[in-house]
Amino acid sequence: MERITGVRELRDHVAQARRDGARIGFVPTMGALHEGHAQLLRRARSESDLLVASIFVNPLQFGPNEDLAQYPRDPDGDAGRAADAGTDVLFLPAESEIYPRAPRVTVHPGPLAERWEGRVRPGHFAGVLTVVLKLLNIVRPDVTVFGRKDFQQAALVRALIQDFDLPVRLIVEPTVREPDGLALSSRNRYLSPAERAEAQRIPGALDAVVEQFRQGERDVGSLLAPARAVLGAEPAIAVDYLTIVDAETLEPRECAAPGDVALVAARVGSTRLLDNAVLELS
Ligand code: AMP
C-alpha cells in the first residue's frame, strides 16, 4: 500500500492507473478505522482495480463546540487496517493540502439537510458535501462507497452526485455492528465502560420498532413509544431525535410503510451516537 499526502501526487498516480485501464474505487473516511470502514473498503475493492482510501478529519464539518481537536487519530492502526482490507493507496492530506485557503465557495445542501443532523449541527452537511465534492474531484473514482450508518449523509451524497452530474457510482453498505448490536463508530472509543453498556439500548430500541412494524403496527406514534420509553428511562442517554422518515425525502411519517427508516441520534454521556434501521417486513 502506498501512502500519498499531496493532491498533485495523488492525481498523477490515479491518472496513470486510469490510463492503464484500471477502474478506480474510493472510500473517504476520517480515520480511526474499524470493521465498518473495512467493510466499505472490501466492497470497493471488489468493484475496482485500484482502491484509494482517504483519511482526512475535515474541520469544515465540525461546529465550534464539537470534538474536532479530540477526534480519535490512529495513523498506525489505520494503515494496517486499510492495507488488510485491500487498499492500494492511502491518501493522507494535511489540512493545507485540501484547504490551501479558506473556501470561497461551498456546497449548499438544500432541504434534505434541514432536519435531523442538519438541524442539530448547523453547517455540518455543507462541510461534509464540500469535502466530498473536493475529494471526488481529486480522486475521480468510478465507484465510491459510503455507510448506511450515516443515513442522512448517504442520502445527501446521493443528491450531490445526481444534482451535480458527478460521473461516479455510489454504493451504500449496511451498518457493521458489535455483537450486542451497537453500530461501530470511531466515537465509540469515547464511551466509558458504563456508558458503553447503556449505549446498546439504542440498537435495542430500533429493533423494537422494527419488530412492532413486522407485527403490523403502522402508526408512528405507537411504533416509537416503546423505544422512547427504553431510551428515556436511562438518565445517561439524551435523545436528540427519534423518528420514522421516508427514505428518499427524509420527511417524517405519521403512518409507516415498508422501506421507511427509523433514525435515532442520542448522546450517551457526552458522546453523540447515530443509528438507524430500515422498516422491512422480513
Ligand atoms: P467516518 O470515518 O466516520 O467519516 O466514516 C467514513 C465512512 O464509513 C462513512 O461512509 C460512514 O457512513 C461509514 N461507516 C461508519 N461507521 C460504519 C459502520 N458501523 N458500518 C458501516 N459503515 C460505517
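**Exercise 1. Is Thr271 buried or exposed, going by its relative accessibility?**

Solution. Before we start: this is a predicted model, where local features need pLDDT of at least 70, side-chain atom pairs count only at pLDDT 80 or more, and totals for chains, interfaces and linings use all residues. Residues are numbered from 1 along each chain as its sequence is written, and side-chain values use heavy atoms, with hydrogens and water left out.

Step 1: get the cut-offs. Buried means under 20% relative accessible area, exposed means over 50%, and partly exposed is in between (1.4 Å probe, protein chains only).

Step 2: apply them. Thr271 has 1% relative accessibility, so it counts as buried.

Step 3: look around. Thr271 is in strand S9, residues 271–278; strands (E, at least two residues) and helices (H or I, at least four) are DSSP runs, numbered from the N terminus. Leaving out residues up to four places away in sequence, Thr271 touches Arg187, Tyr190, Leu191 and Ala266, where contact means heavy atoms within 4.5 Å.

**Exercise 2. Find out what Thr144 touches and where its side chain reaches.**

Solution. Step 1: place it. Thr144 sits in strand S5, and with a relative accessible area of 0% it is buried.

Step 2: list the contacts. Residues up to four places away in sequence aside, Thr144 touches Phe26, Pro28, Leu136, Ile161, Val168, Arg169, Leu170 and Ile171.

Step 3: pick out the polar one. The Thr144 side chain gets to the backbone oxygen of Phe26 at 2.9 Å. That's a polar contact: a pair of N or O atoms within 3.5 Å; within protein, one must be able to donate a hydrogen and the other to accept it, and residues adjacent in sequence count only if both atoms are side-chain atoms.

**Exercise 3. Describe the surroundings of the ligand.**

Solution. Step 1: count the neighbours. There are 17 residues around the ligand, and His37, Gly147, Asp150, Val176 and Leu184 come nearest; a residue makes the list if one of its heavy atoms lies within 4 Å.

Step 2: check the ligand's oxygen atoms. One lies 2.7 Å from an N or O atom in the Asp150 side chain. An oxygen is also 2.9 Å from an N or O atom in the side chain of His37, and an oxygen is 2.9 Å from a polar backbone atom of Met30.

Step 3: see which elements take part. Strand S2 (24–29), helix H2 (35–46) and strand S5 (143–147) each give two or more residues to the shell. H2 gives the most, with three residues.
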